[in-house]
Amino acid sequence: MRFSEAYIPTQKEIPSDAVIPSHQLMIRSGLVRLLASGVYSYLPLGWRVMQKVMAIIREEMDRIGAQEIFMPVLNPIEIWDETGRNEAFGDEMFRLSDRKGRKMALAPTHEEIICDLARKFVRSYKDMPQIWYQIQTKFRDEPRPRSGVIRARQFFMKDAYSLDSDESGLDQSYQKHAEAYKRIFTRCGLKYHIVGASSGLMGGSSSQEFMLESEFGEDTLILCDSCGYASNLEVATSVHNKAEFKEESLKEVHTPDKRSIEEVSEFLKLPKTQFMKSLLYVSNKEFVMVLLRGDYELNEAKLQQIMHGEIRPAHPDEVKEVCGAEIGFIGPVGLKTSIKIIADLALREQHNLVTGANKADTHLTGLEFKRDVTPEQYIDIRNVAEGEKCSKCDHELKIVQAIELGHIFKLGTKYSNSMKATFLDKNGKANPIIMGSYGIGVERIIAAAIEQNHDDKGIIWEKVLAPFKVHLIALKVNNQQISDISTRLYKDLTDSDIDTLYDDREVSPGFKFKDADLIGIPIQVVIGERGLNDKKAEVKIRKTGEVQHVEFNNLKDTITSILNTLA
RNA sequence: CGGGGCGUAGCGCAGCCCGGUUAGCGCGCAUCGUUCGGGACGAUGAGGCCGAGAGUUCAAAUCUCUCCGCCCCGACCA
């Protein structure tokens with residue numbers, strides 16, 4: 001492609017809206033342009049990269065025997081009502097009506113459509129296993145799009161679905177995807193973690209995420225360097241630090257206007273570990289009090305899992321009604337109404353705790369957990385905290401931020417049950433199809449690759465993702481000799497199927513060099529006056545900055561062999 | 001949805017507090033000339049409903065209100 005004729009709007013200035021490096025570089029190098037919040041156009045360079053990623057995904061999906069299909073984005077709402085996800089997705093799903101007033105939705109994912117296809121096709125256990133996938137535009141009305149294409153409202157997802165007749169079949173399909181995903185991310189040059197994850201809205205038994213470590217990531221990972229334990233904070237466990245106190249009797253203490261653990265602990269001169277945090281939540285229109293040690297945070301994902309549904313903190317007036325006191329002074333002892341109580345495991349053996357008395361400006365001290373509180377269950381419900389030990393091997397855990405690239409789920413029969421997608425087993429008995437679901441964020445691979453590979457000059461593409469392999473720079477195009485040599489080389493490379501971006505613009509050398517480094521194509525070839533006498537060009541490797549001087553006649557061979565050595 | 005910031009030429013910004021000729025600057029763009037190895041120089045020029053609407057005023061980019069959009073933090077999030 002000739003630069004002078006191409007739509008590659010590079011810019012020197014950092015766009016004011018972009019905060020993270022990948023977002024800034026994607027705009028500056030002319031890969032994408034924003035149309036509306038979380039909605040992007042892909043320009044020629046960006047689209048070329050996207051197609052490289054998609055090609056790798058297709059190859060690896062095909063390798064595990066998956067079949068590519070294409071499902072509609074525009075869905076009748078009824079199919080989403082069949083599984084109850086019309087409601088579950090809430091405002092996150094884009095909805096619209098057709099001219100007859102029929103309600104439709106723009107699909108945020110495709111389990112329902114797959115299930116519909118499955119129930120139309122699968123009759124017998126002999127029809128399975130099946131793996132179907134697509135690379136499709138997804139729509140999600142994110143509450144807060146951010147970080148450029150990393151959290152967008154319209155984005156590409158590779159979504160795959162497996163259909164099996166028994167659990168071991170599902171295990172195999174799941175494992176195949178795990179292998180395919182490893183190959184995909186490795187081929188894209190990404191360093192990733194595989195972590196245990198929560199299945200959230202999707203439902204199902206187990207799931208794992210493929211995560212790229214990044215300070216700009218929205219997820220938090222808990223990693224153990226010693227035994228390899230790796231988990232999303234949402235489901236991570238750890239050994240809690242011990243906090244020992246002697247048994248005491250229950251006493252009221254006046255704590256005027258001291259509400260937070262912080263304030264009361266300072267006021268009473270007692271450590272936070274001696275406190276008990278009481279949080280009132282609402283789930284399925286039922287109140288539940290959650291108890292944690294004062295130094296720990298509630299993990300809402302875990303609570304949600306336990307309550308099997310949506311949860312929210314109770315409003316201040318609800319707290320007053322249930323506890324008879326304001327937030328900051330509530331506790332499990334002496335509640336006005338009897339409600340469900342869930343306690344974190346770390347509380348079970350605790351003595352002499354401090355907690356709210358359900359009375360204005362008053363706390364209780366000397367609370368003996370087993371004696372004074374009768375929770376419905378003891379269960380791990382807290383966030384893993386800095387400095388805690390691994391529950392598998394007792395080594396200290398590491399906490400890092402990460403970007404979610406892919407997620408694989410064992411769905412089980414959640415969708416096939418509600419949508420009546422069944423098959424006849426060997427005994428002629430009808431069973432629900434056992435499903436798995438597997439997603440990859442296509443743009444996120446691109447953003448991740450840039451986050452991981454860039455310098456202060458611009459992007460540094462891996463060969464496999466690069467929009468072009470070679471960036472040919474003709475300095476001073478009005479020098480006939482330079483122009484002739486460059487144009488001949490361009491033709492030569494293109495004829496040999498080496499994708500080349502040919503910078504034939506009439507702009508100053510510095511301009512071209514800066515653009516080349518910004519765009520980040522792996523090999524730069526510079527034809528200039530300096531090399532004319534000894535008939536040599538410069539061949540520079542963007543990643544290392546290494547430069548070699550190569551005779552014009554050998555350029556193509558040298559480029560080819562460098563390309564072979566590049567990852 | 002809560003908190004904060006921003007919206008002035010294609011991009012980056014100043015002007016706004018304290019209202020007053022014709023709204024500026026840098027980059028980019030066009031033409032001509034000189035340049036030509038790390039975002040060249042000179043000359044000339046084009047380009048703005050100052051996000052939208054309403055109000056206050058003799059007078060609004062500037063003050064007030066409403067709405068819209070974009071970004072950040074939080075909440076939320078296959």
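What follows is a walk through the fold of chain A, from its overall numbers down to a few helices and single residues.

The model is a predicted one, in which local features need pLDDT of at least 70 and side-chain atom pairs count only at pLDDT 80 or more, while totals for chains, interfaces and linings use all residues. Residues are numbered from 1 along each chain as its sequence is written, chains are lettered from A and ligands numbered from 1 in the order in which they are written, and side-chain values rest on heavy atoms, with hydrogens and water left out.

To begin with the whole chain, the secondary structure of chain A adds up to 15 helices and 31 strands; these are DSSP runs numbered from the N terminus, with H or I and at least four residues for a helix, and E and at least two for a strand. Along the principal axes, the C-alpha atoms fit a box of roughly 95 × 65 × 50 Å. Of the 567 residues in chain A, 54% are buried. Here, buried stands for under 20% relative accessible area, exposed for over 50%, and partly exposed for anything in between, using a 1.4 Å probe and protein chains only. The exposed surface of chain A comes to about 26,100 Å², and carbon and sulfur atoms supply 49% of it (Shrake-Rupley areas with a 1.4 Å probe; for residues, only the protein chains shown count as cover).

Contacts (heavy atoms within 4.5 Å) lean towards long sequence separations: of those in chain A between residues at least 6 apart in sequence, 68% join residues at least 24 apart. As for charge, the 75 positive and 84 negative charges of chain A have mean positions 3 Å apart. In that count Lys and Arg are positive and Asp and Glu negative, with His and the chain ends not counted; each charge is placed at NZ of Lys, CZ of Arg, CG of Asp or CD of Glu.

Helix H2 covers residues 44-63, and its 20 residues should span 28 Å at 1.5 Å a residue, which agrees with the 29 Å between its end C-alpha atoms. The expected span is 1.5 Å times one less than the number of residues. Buried residues in H2 include Leu45, Val49, Val53, Ile56, Ile57 and Glu60. Just after H2, Gly65 adopts a positive phi of about 85°.

Helix H9 (residues 316-323) buries Glu318, Val319, Val322 and Cys323. These buried residues line one face of H9, because they fall within an arc of 105° when seen down the helix axis; the arc is that of the directions from the helix axis to the C-beta atoms. In general, an α-helix has 3.6 residues a turn, so residues three or four places apart point the same way. The buried residues of H9 pack against strands S14 (276-283), S15 (286-293) and S16 (311-313), whereas Pro316, Asp317 and Glu321 are exposed on the face turned away from the buried side. Just after H9, Gly324 has a positive phi of about 75°.

Helix H7 (residues 261-268) shows a similar layout. Its buried residues are Ile261, Val264 and Ser265, and they sit on the same side of H7, covering an arc of only 100° around the axis. Their cover includes S14 and strand S19 (362-367).

Some backbone oddities turn up in loops. Lys269, in the loop between H7 and S14, has a positive phi of about 55° despite not being a glycine. Lys269 is exposed, at a relative accessible area of 70%. Lys420, in the loop between helix H11 (414-418) and strand S22 (422-424), likewise has a positive phi of about 55° without being a glycine, and is exposed at 65% relative accessibility. A cis peptide bond, with omega about 5°, links Met128 and Pro129; Pro129 belongs to the loop between helix H5 (111-121) and strand S7 (130-139).

Two more residues round out the picture. Ile523, in strand S29 (residues 523-527), is buried at a relative accessible area of 0%. Leaving aside neighbours within four places in sequence, the contacts of Ile523 include Val470, Val539, Ile559, Ile562 and Leu566. Thr413, in the loop between strand S21 (398-412) and H11, is partly exposed at 26% relative accessibility. Beyond its neighbours within four places in sequence, Thr413 is in contact with Pro432, Ile433 and Ile434. The C-alpha atoms of Thr413 and Ile131 are 16 Å apart, with 282 residues separating the two along the chain.
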